[in-house]
Amino acid sequence: MIAVNPTDSASLLAAFGALGVLVVLFAESGLLVVGFFLPGDTLLLPAGVLCAASGDQSPRLELWQVLACAAVGAVAGGQVGYLLGRHGGRPLLARTSKRRVKEGAARAERLLARYGYGKALVIGRFVPMVRTVLHPAAGALGVPARTFTLWQTVGGLLWSQSLVLAGYLLGSSVSHVDDYLLLFVAAIAVLSLLPLLAEARRSRRDRSRSTG
């Protein structure tokens, strides 16, 4: 029996391959609480690298399968998250006792108010934690279904496909990229946190102005 750590991208890819990408992205794109603990950005890049691996390396994934599974998982997960929020409403977000969910919901609401539906749904895909709660929040806040479906599909495809292809190009152009994979994954994780840090800084500045 293979021991699988659902929070570790290498373990998931070794055990489930492209199917693991589909399941994780589905959960991370709309299943509250569960999605917060799963790798998203840090799963897609290694998956793309493994698509470029030579035949004697294991596991080796097929690029078209990973791209397809990433697209289906991201788009279907976002749509399910929206439906959960639309039918559960604000009480669905308010009932949770998880601090990270509440903080993510507040960020998602600010993102929708600041940028509008289309831009927020695309930008939000690239922001960890916000990505998981954004789609249920959009449903709870009454974002029109047609508008949501269009822009969450655009955002889901841009996010999932770009990171897989970036990993594939990295694996194709850098020899022995496996030796540096953890470093690249760490860099992706840090970069993905930058929008959260920028927003936190902006919020503190706004609060200080309002109390000054």
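Which hand does the crossing of α1 and α3 have, left or right? The crossing of α1 and α3 is right-handed (the near helix is turned clockwise from the far one by less than a right angle).

## Model and fold

This is a predicted model, in which local features need pLDDT of at least 70, side-chain atom pairs count only at pLDDT 80 or more, and totals for chains, interfaces and linings use all residues. Residues are numbered from 1 along each chain as its sequence is written, and side-chain values use heavy atoms, with hydrogens and water left out.

The chain has nine helices and zero strands (DSSP runs of H or I, at least four residues, and of E, at least two, numbered from the N terminus). From the N terminus, its elements run α-α-α-α-α-α-α-α-α. Of the 212 residues, 45% are buried (under 20% relative accessible area, 1.4 Å probe, protein chains only). Contacts (heavy atoms within 4.5 Å) between residues at least 6 apart in sequence join residues at least 24 apart in 76% of cases. The accessible surface is about 10900 Å² (Shrake-Rupley method, 1.4 Å probe). Carbon and sulfur atoms hold 64% of that surface.

## Helix α1 and its cover

Helix α1 spans residues 9–16. Its buried residues are S9, S11, L12 and L13. Their cover includes α2 (18–28) and α3. Just after α1, G17 takes a positive phi of about 60°.

## α1 against α3

The two helices pack at about 50°, with axes 9 Å apart (lines fitted to C-alpha atoms over the stretch in contact; angles run from 0 to 180 degrees between N-to-C directions). That makes α1 oblique to α3 (not under 35 degrees, not over 145 and not 65 to 115).

From α1, S9, L12 and L13 meet T42, L43, P46, A47 and L50 of α3. This contact has six nonpolar residues, two polar and no charged (Ala, Val, Leu, Ile, Met, Phe, Trp, Tyr, Cys and Pro count as nonpolar; Asp, Glu, Lys and Arg as charged; the others, Gly among them, as polar).

## α3 against α8

Helix α3 (residues 41–51) also packs on α8 (residues 145–173). Their angle is about 45° and their axes lie 6 Å apart. So α3 is oblique to α8. This crossing is right-handed.

On the α3 side, D41, L44, L45, G48, V49 and C51 take part. They meet W159, S160, L163, V164, A166, G167, Y168, L170 and G171 of α8. The residues of this contact divide into ten nonpolar, four polar and one charged.

Conventions:
Buried means under 20% relative accessible area, exposed over 50%, partly exposed in between (1.4 Å probe, protein chains only).
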